[in-house]
Amino acid sequence: MHIVVVDPSRVVLKVISGLLTPRGHTVDAFTDSREALDFVTDNASVTALITSLEVRPLGGLELCWSARLLADAHRPLYIITMSSARNARNLSEALDSGSDDFIDKPPSPEELYARLRAAERMTGMQRELIRLAETDALTGLLNRRAFLQRVGDMTDRAGAHGRVGMVVVDIDHFKTINDQHGHDVGDTAIRGVAAELLTEAGGVAGRIGGEEFALALPGRTLEEAEAAAGRLRLRCTQLRFKGQRGPVQLTASFGVSAWSEGETVGGLLKRADIALYEAKSTGRNRVVSAATDLILARAG
């Protein structure tokens, strides 16, 4: 586990780090609780926070509360408070402030290891629940809700001058594939296109409909996203699947848009959808890019 330990005593920090590091844990120790909170905020790999109640400038209870706000539906975080004054009031206040557990300070090795084993079980179950809630079962891509959430976070990070490209993909004549070769082959085709989307480095891919996908590309301009869509279009034409009536080939159509400051994720996706509709209505197997007031078609 990646563990952050917070205590005003460097001796206590050294003792706890000495107990945890040999067991394979990654430990970052802080005497300043504000610095610790900033570190936990910026490092999603942190899955456990062990903090004394007697810390500054943020008190231990305030640190628990602030850290608990980080542990939303997308991030497991197990919080353990510790104090040399173990009493019912401290325990209840810590738990009410968002702590998952409470230990004496300094903790005994056996108790500390046992508490962390419980933390690993709990965060492991949370990660699995998050995976099930966010993942499309057929393809392993993000589902629509999780994809939109991830793109929202992406545009928030992009700020006023950032770039995010959006590519929407739809398999051409998918109903014909299902009708002629069966739904098993249709599922294979969906998985095949999904796998191609994952080859685009740095992209975040989701399945947003039956045979429709979306790919968000942070840091990409409209032209760069269009180029990525062109590469994906060519790779889709090279896919081959075993069908009931011989090899199955497919093509896909692509709509591309680019995020601009002040635009919603829904607006970004809608403009890509409009471009996709243009691609489908003008021949399929092509990439169409949407500018704010102009749609440019690119034949493959």
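**Notebook: a buried serine, two helices and some backbone outliers**

I began at S257, whose side chain reaches the backbone oxygen of L268 at 2.8 Å. The model I am reading is a predicted one, and I keep that in mind for every value below. I placed S257 in strand β11, which covers residues 252–258. Is S257 buried or exposed? I noted a relative accessible area of 0%, and since the cut-off for buried is under 20%, S257 is therefore buried. I then listed what surrounds S257, leaving aside neighbours within four places in sequence, and found contacts with V164, G165, M166, L222, L268, R271, A272 and A290. L268, whose backbone oxygen takes part in the 2.8 Å approach, thus appears in this contact list as well.

Next I looked up F147, which I found in helix α6, residues 144–158. Its relative accessibility is 0%, so F147 counts as buried. With neighbours within four places in sequence again left out, I recorded contacts of F147 with L142, M166, V204, A205, G206, I208, A214, L215 and A216. M166 is among the residues in contact with F147, and M166 is also one of those in contact with S257. I also checked a long separation: F147 and D7 are 140 residues apart along the chain, and their C-alpha atoms are separated by 38 Å.

I turned to the helices. Which residues make the meeting of α1 with α5? I wrote down I16, L19 and L20 on the α1 side, and P109, L112, Y113 and L116 on the α5 side. By class, I count this contact as seven nonpolar residues, with no polar and no charged ones. Helix α1 spans residues 10–20 and helix α5 spans residues 109–134, and the two pack at an angle of about 65 degrees with their axes 11 Å apart. I entered the crossing of α1 and α5 as right-handed. For the spacing of the listed residues I recalled that an α-helix has 3.6 residues a turn, so residues three or four places apart point the same way.

For helix α8, residues 183–197, I compared length with expectation: its 15 residues reach 21 Å from the first C-alpha to the last, close to the 21 Å expected at 1.5 Å a residue. Which residues of α8 are buried? I listed V185, G186, A189, I190, G192, V193, A194, E196 and L197, and I marked E196 for a second look in the viewer.

I then went through the backbone for unusual geometry, beginning with the prolines. The peptide bond joining R56 and P57 is cis, with omega about 5 degrees, and P57 sits in the loop between β3 (46–52) and α3 (60–70). A cis bond also runs from K105 to P106, where omega is near -5 degrees, and I located P106 in the loop between β5 (101–104) and α5.

Last, I looked at positive phi values. R284 is not a glycine, yet I read a positive phi of about 65 degrees for it, and R284 has its place in the loop between α10 (265–281) and β12 (286–290). N285, also not a glycine, has a positive phi of about 50 degrees, and N285 is likewise found in the loop between α10 and β12. How accessible is R284? I noted 32% relative accessible area, so R284 is partly exposed; N285, at 23% relative accessibility, counts as partly exposed too.

Note on methods:
Residues are numbered from 1 along each chain as its sequence is written. This is a predicted model: local features need pLDDT of at least 70, side-chain atom pairs count only at pLDDT 80 or more; totals for chains, interfaces and linings use all residues. Side-chain values use heavy atoms; hydrogens and water are left out. Helices (H or I, at least four residues) and strands (E, at least two) are DSSP runs, numbered from the N terminus. The expected span of a helix is 1.5 Å times one less than its number of residues. Buried means under 20% relative accessible area, exposed over 50%, partly exposed in between (1.4 Å probe, protein chains only). Axes are lines fitted to C-alpha atoms, for helices over the stretch in contact, and angles run from 0 to 180 degrees between N-to-C directions. A crossing is left-handed if the near helix is turned anticlockwise from the far one by less than a right angle, and right-handed if clockwise. Contact means heavy atoms within 4.5 Å. Ala, Val, Leu, Ile, Met, Phe, Trp, Tyr, Cys and Pro count as nonpolar, Asp, Glu, Lys and Arg as charged, and the others, Gly among them, as polar. A polar contact is a pair of N or O atoms within 3.5 Å; within protein, one must be able to donate a hydrogen and the other to accept it, and residues adjacent in sequence count only if both atoms are side-chain atoms.
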